[in-house]
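Student: Please take me through one chain of this model in detail, and then set its partner beside it. I would like to start from the outside and work inwards.

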Amino acid sequence: MIPSGRFAASSPIEGEEGASHTPLAAERIWSVLNSVPDPEIPAISIVDLGIVRDVTFEDDTVVVAVTPTYSGCPATSLINMEIETALRAHGFDKLRIERRISPPWTTAWISAEGRAKLNAYGIAPPDRSAPVACPRCGSTETSEVSRFGSTPCKAAWRCNACLEPFDRFKCI
Amino acid sequence: MNEVVELALRMGDNCLILGHRVSEWCGHGPVIEEDIAMANVALDLIGQAQMWLALAGELEGQGRDADALAYRRDAFDFRNLLLVERPIDDFGVTLMRQFLFDAWHKLMLEHLVRSSDARVAEIAAKAVKEVTYHLERSGDLVERLGDGTAESRARMQAALDALWPYVGEMFASDAIDHTLAAHAVAPAPETLRHEWDTLTGSALRAATLDIPDSDFAHLGGRAGRHTEHLGYILADMQFLQRAYPDAQW
């Protein structure tokens with residue numbers, strides 16, 4: 001846990017944002033969250049990943065609703081800690097993170113920007129409607145090696161054209 | 001309703017015990033892809049166990065959280081099926097058990113998604129996505145290995161024969177199940193049998209395996225009467241919390 005005073009004191013915007021719950025504050029919070037990378041796939045943010053479901057206020061407390069990608073995903077508690085760290089660094093000291101499992105996360109919630117970033121990072125983004133394209137050479141001559149991969153959200157694939165292995169985001 | 005606590009314990013304990021069983025393969029899988037697949041499946045199951053056991057603890061109202069239920073109960077308080085506590089044995093047995101359980105698990109969760117209890121329905125909606133994926137893998141592999149070499153077929157048939165006496169318990173309903181069904185919280189397990197037979201039958205036939213012609217079923221797990229295997233799992237799993245209560249890191 002980060003001591004609440006530490007970041008607040010060094011923040012140039014100290015005391016200006018934390019307590020006010022205006023639409024502007026909500027917008028600012030979303031923008032802070034959009035800078036928090038997913039710990040396992042740092043190329044995309046937790047907002048791009050679609051796991052931040054809501055930002056609301058209870059009096060002067062910021063409530064961030066977060067949904068897990070997979071129920072056993074070990075990154076969940078780390079993500080919560082990073083959200084807390086980032087918001088405190090921007091002066092939002094009173095905050096609560098709520099775990100929301102319904103409706104369940106779906107890869108359809110990954111933003112268009114998130115998909116493009118995944119592809120650039122070497123992970124084929126989830127898309128049920130199109131053939132899986134190699135993120136390196138773009139060929140659709142690809143095949144699945146294993147339905148499971150290095151993290152719960154990915155499967156192992158290979159490109160039959162450039163012969164490189166790659167990860168693909170599972171569609172759920 | 002106390003029966004919902006029982007339902008959550010039964011679902012959660014199945015996930016917890018099978019999750020730990022499957023995780024025994026971590027670092028020992030026959031090929032790296034399967035090693036990773038099993039670790040992923042185990043992780044999903046343990047995540048689902050956390051959700052179910054947290055619900056059970058909350059509804060029970062005795063201040064026990066998911067960890068307290070997982071680490072501080074003795075074997076007779078566990079409500080899992082005997083099938084999931086069976087040892088991992090060889091890869092064929094592990095895989096066949098996974099397939100038989102995944103098929104039941106998916107059907108059960110598909111019904112629980114429509115539960116009259118909103119909390120039960122929420123957990124089921126999350127879990128069913130993962131379990132659908134588990135069944136796709138275990139079904140594919142059962143077919144590939146059953147309809148494979150003479151060696152792989154023999155092992156898959158032996159696995160099916162050995163595990164068949166543990167299938168019936170998945171569909172044996174008791175008074176708790178009937179109360180849950182009467183309140184539309186959960187289906188009575190017996191009502192899932194036909195669908196399960198259809199689902200597994202087509203895969204097992206495609207795998208060229210012979211479905212055993214026996215209705216004999218070992219029962220008792222869901223009422224807390226377990227085989228000796230559960231005690232060994234708990235001894236491993238609970239050691240740290242028993243030796244160093246409330247230890248954290």
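**A close look at chain B**

Tutor: Happy to. The accessible surface of chain B comes to about 10,700 Å², and carbon and sulfur atoms account for 54% of that area. Please keep in mind that this is a predicted model.

Charge is a good next stop. Chain B carries 40 negative side chains and 22 positive ones. The centres of these two sets are 1 Å apart.

Now for the fold itself. Chain B has 10 helices and zero strands, so reading from the N terminus you meet α-α-α-α-α-α-α-α-α-α. With a radius of gyration of 17 Å, close to the 18 Å given by the globule rule for 249 residues, chain B is as compact as a globular protein of that length. If you prefer to picture a box, the C-alpha atoms of chain B fill one of roughly 55 × 45 × 30 Å along the principal axes.

Going inside, 53% of the 249 residues in chain B are buried; here that word means under 20% relative accessible area. The contacts add to this picture: of those in chain B with a separation of 6 or more, 80% are between residues 24 or more positions apart.

Chain A makes a useful companion. It has four helices and seven strands, in the order α-α-β-β-α-β-α-β-β-β-β from the N terminus. Of its 172 residues, 46% count as buried. Among contacts in chain A between residues at least 6 apart in sequence, 56% join residues at least 24 apart. Chain A exposes about 8,000 Å², with 53% supplied by carbon and sulfur atoms.

The strands of chain A deserve a moment too. Four of them form an open sheet in the order β4-β7-β6-β5 (chain A), and the pairing is mixed. The edges of that sheet are β4 (123-124) and β5 (142-146) of chain A; each has a single partner strand, so one side of each is left without a neighbour in the sheet. For β4(A), two bridges lead to strand β7 (residues 165-169) of chain A, and the two strands run parallel. To find this pairing on your screen, pick A:A124, whose bridge partner in β7(A) is A:R168.

To come back to your chain: it is built with 10 helices and zero strands, and buried residues make up 53% of chain B.

Note on methods
Residues are numbered from 1 along each chain as its sequence is written. Chains are lettered from A and ligands numbered from 1 in the order in which they are written. This is a predicted model: local features need pLDDT of at least 70, side-chain atom pairs count only at pLDDT 80 or more; totals for chains, interfaces and linings use all residues. Side-chain values use heavy atoms; hydrogens and water are left out. The radius of gyration is taken over C-alpha atoms; the globule rule is 2.2 Å times the number of residues to the power 0.38. Buried means under 20% relative accessible area, exposed over 50%, partly exposed in between (1.4 Å probe, protein chains only). Contact means heavy atoms within 4.5 Å. Accessible areas come from the Shrake-Rupley method with a 1.4 Å probe; for residues, only the protein chains shown count as cover. Lys and Arg count as positive and Asp and Glu as negative; His and the chain ends are not counted. The place of a charge is taken as NZ of Lys, CZ of Arg, CG of Asp or CD of Glu. Two strands pair if DSSP finds at least two bridges between them.
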